[in-house]
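Here is a short set of exercises to work through at your own pace. Have a look at the structure first, then try each task before reading its solution.

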Amino acid sequence: MPNRLTGANYRDFLENNLPVLLEEVPLAVRAKIWFQHDGAPAHFSLAARQQLTTTLGDRWIGHHGPVPSHGQQDRQILIRLISFCGDI
């Protein structure tokens, strides 16, 4: 990633780099992946949101996304979920 994250270079990452990083993840798992970002301004640029919708449909969480983000509350839920999954 570049030193300064913008909507354009974040979209480029989502479109060109993220798929490469996910290549070894089984297709059945990728079909169920949900994507959440932390609310950095580049994350809710129109270009990034359009790319996420094109790639993931309604399976992403963030500002102005199909599932709205609630900031700190989302992080707390995610931490609990990760902890729970680790106990299984």
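The exercises below go from the whole fold to one helix and then to a pair of rings, all in a predicted model.

**Exercise 1. Describe the overall fold.**

Solution. Start by counting elements: the protein has 4 helices and 2 strands. Next, put them in sequence order, which gives the pattern α-α-β-α-β-α. Then turn to burial: of the 88 residues, 25% are buried. Finish with the surface, where carbon and sulfur atoms hold 59% of about 6300 Å² of accessible area.

**Exercise 2. Work out the course of helix H1 and what it packs against.**

Solution. Helix H1 covers residues 7-21, and its 15 residues span 20 Å between the first and last C-alpha, close to the expected 21 Å. Now look for a change of direction: H1 bends by about 35 degrees at Leu 14. Leu 14 is also one of the buried residues of H1, a list that includes Gly 7, Asn 9 and Leu 18. Finally, find their partners: the buried residues of H1 pack against strand S1 (35-36) and helix H3 (46-56).

**Exercise 3. Find the aromatic pair and classify its geometry.**

Solution. There is 1 aromatic pair in the structure. The ring centres of Tyr 10 and Phe 13 lie 6.3 Å apart with planes at 15 degrees, so this pair is stacked. Next, place the two residues: they sit 3 residues apart in helix H1, so about one helical turn separates Tyr 10 from Phe 13. Last, check burial, which requires under 20% relative accessible area. Tyr 10, at 5% relative accessibility, counts as buried, and Phe 13, at 19%, also counts as buried.

Key
Residues are numbered from 1 along each chain as its sequence is written. This is a predicted model: local features need pLDDT of at least 70, side-chain atom pairs count only at pLDDT 80 or more; totals for chains, interfaces and linings use all residues. Side-chain values use heavy atoms; hydrogens and water are left out. The expected span of a helix is 1.5 Å times one less than its number of residues. The bend at a residue is the angle between axes fitted to the seven residues ending there and the seven starting there. Buried means under 20% relative accessible area, exposed over 50%, partly exposed in between (1.4 Å probe, protein chains only). Contact means heavy atoms within 4.5 Å. Rings of Phe, Tyr and Trp (its six-membered ring) pair if their centres lie within 6.5 Å; planes under 30 degrees apart count as stacked, over 60 as edge-to-face and the rest as tilted. Accessible areas come from the Shrake-Rupley method with a 1.4 Å probe; for residues, only the protein chains shown count as cover.
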